[in-house]
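Student: I would like to go through the terms used for this structure and see what stands behind each one.
Tutor: Then ask about them one by one.

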Amino acid sequence: MPYRRTTLSRYIIEEQRRLDRGAELIALVNDIQTACKYVANAVAKGALTGAQGGTGQVNVQGEEVRPLDLIANDIVLGSCEWGGHLAGMASEEMEALHPIPPQHPRGRFLLVFDPLDGSSNLDINMTVGTIFSVLRAPEGVAEPKVEHFLQPGTQQVCAGYALYGPSAMMVLTLGNGVHGFTLDPAIGAYLLTHPNLTIPADTQEFAVNASNQRFWEPPVRRYVEECVAGRSGVRGKDFNMRWIASMVAEVHRILMRGGLFMYPRDTKDPAKPGRLRLLYEANPMAWLVEQAGGAASTGRERLLDVQPIALHQRVPVILGSRNEVERLDRYHAAYDRGEDQPFFSPLFKERSLYFGAA
Ligand code: AFP
């Protein structure tokens, strides 16, 4: 009987009872799910909204802003600022913090979000998503400043994403496993369809933008080269590669069937140590992945332990199946210690680029 299924609203209320979570957090998650339903609706209309193409604006990240980026940003702000659960918000689309307007009560939490990740895919009708992370406002802080948002990922109290694909989904963690809910458009509710998601420790699938290869550090080049060498190389097994250029879609695939995703440190722009943003992309995804039994790292440090120093800080991201992430950590550590042994590329029968650059 479909009406006996667990809705997201029921799940969070039962979690509140079971774990004695504050009602404020539960009400905030409720506001977030409302926002994501509005965004799902706007995204689903596609070209019918007339909001395709660019806006001509560039955001704080130096990236082109799409009309739906701004619409989604406004939806999240409008859905979450009134409830009295938040002390402040920060978004990929806004350089400065968004204070809670004076007519609304203030709460104990901070919300950081990427309203529409992967939005460069909108014009081709590919999967995009909203990523969010909830932190506690420091005790007694009613008007938070940037420094109050600069908390490591270990401090998150809720994290998740809404995925707008063939079906719309919400995947989240309150620190008690990762659970996936599918939006039933007939009743306008997210229904629990993927309880207790787990990521297998091993995988034969990896995702990376291979066009950046010449900018990667040697340990990443080594890893990818070994995967590509497949059965004939040191790994002794064949790998498959995927790249959707939409982090929500990539992480979702990993939560469904395992895999490795990385946007590692590169030298493309020396001012940027990675492409992805720590507070509202890397941290929420890292916590989801860890809660599902996977691992998430910069290559040199557990992602959730990174101490943020700026609101829109970028960070290298390597996440997914535990054994592959740990292998990459070992390769980085060996490289940093200068312990690597020369090797010859099994692919090209010549000295590897990896060592050429080391
Ligand atoms: P957009 O929201 O600007 O499309 O960026 C999304 C993203 O940051 C992330 O979702 C992807 O992993 C990454 O960009 C892919 O970008 P490239 O492969 O084009 O560098």
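The questions below deal with helix packing, burial, backbone angles and domains.

Tutor: Before we begin, this is a predicted model, in which local features need pLDDT of at least 70 and side-chain atom pairs count only at pLDDT 80 or more, while totals for chains, interfaces and linings use all residues. Residues are numbered from 1 along each chain as its sequence is written, and side-chain values use heavy atoms, with hydrogens and water left out.

Student: Why is α2 called roughly antiparallel to α3?
Tutor: Helix α2 (residues 23-44) packs against helix α3 (residues 67-80) at an angle of about 155°, and their axes are 8 Å apart. That angle makes α2 roughly antiparallel to α3, because angles over 145 degrees count as roughly antiparallel, under 35 as roughly parallel, 65 to 115 as roughly perpendicular and the rest as oblique. The angles run from 0 to 180 degrees between N-to-C directions, with axes fitted to C-alpha atoms.

Student: What makes the contact of α2 with α3, and how do its residues divide into nonpolar, polar and charged?
Tutor: On the α2 side are Asp-31, Ile-32, Ala-35, Tyr-38, Val-39, Ala-42 and Val-43; on the α3 side are Leu-68, Ala-72, Ile-75, Val-76, Ser-79 and Cys-80. Contact means heavy atoms within 4.5 Å. The residues divide into eleven nonpolar, one polar and one charged. Asp counts as charged, and Asp-31 is in the contact.

Student: How do you know whether Asp-31 is buried or exposed?
Tutor: Its relative accessibility is 9%, so Asp-31 counts as buried; the cut-offs are under 20% for buried, over 50% for exposed and in between for partly exposed, with a 1.4 Å probe and protein chains only. Leaving aside residues up to four places away in sequence, Asp-31 touches Ser-79, Cys-80, Trp-82, Gly-83 and His-85.

Student: What makes α5 oblique to α8?
Tutor: Helix α5 (residues 218-229) and helix α8 (residues 322-337) pack at about 135°, with their axes 8 Å apart. This angle makes α5 oblique to α8. Residues of α5 including Pro-218, Arg-222 and Tyr-223 meet residues of α8, among them Glu-324, Arg-327 and Tyr-331. The residues of this contact divide into seven nonpolar, one polar and four charged.

Student: Why is α6 said to be largely enclosed by the rest of the structure?
Tutor: Nine of the eleven residues of α6 are buried, so α6 is largely enclosed. Among the buried ones are Met-247, Glu-250, His-252 and Arg-253. Just after α6, Gly-258 has a positive phi of about 85°.

Student: Which words fit Asn-125 and Ala-245: buried, partly exposed or exposed?
Tutor: Asn-125 has 70% relative accessibility and therefore counts as exposed. Ala-245 has a relative accessible area of 40%, so Ala-245 is partly exposed. Asn-125 lies in the loop between β3 (109-117) and β4 (128-136), and Ala-245 in the loop between β10 (240-242) and α6 (247-257). Each has a positive phi in a residue other than glycine: near 60° for Asn-125 and near 65° for Ala-245.

Student: How do you know where the domains begin and end?
Tutor: The bounds come from an automatic or database domain assignment, which gives domain 1 (2-194) and domain 2 (205-348). Their C-alpha centres lie 26 Å apart. In the contact between them, 48 residues of domain 1 meet 34 residues of domain 2.

Definitions and conventions:
Helices (H or I, at least four residues) and strands (E, at least two) are DSSP runs, numbered from the N terminus.
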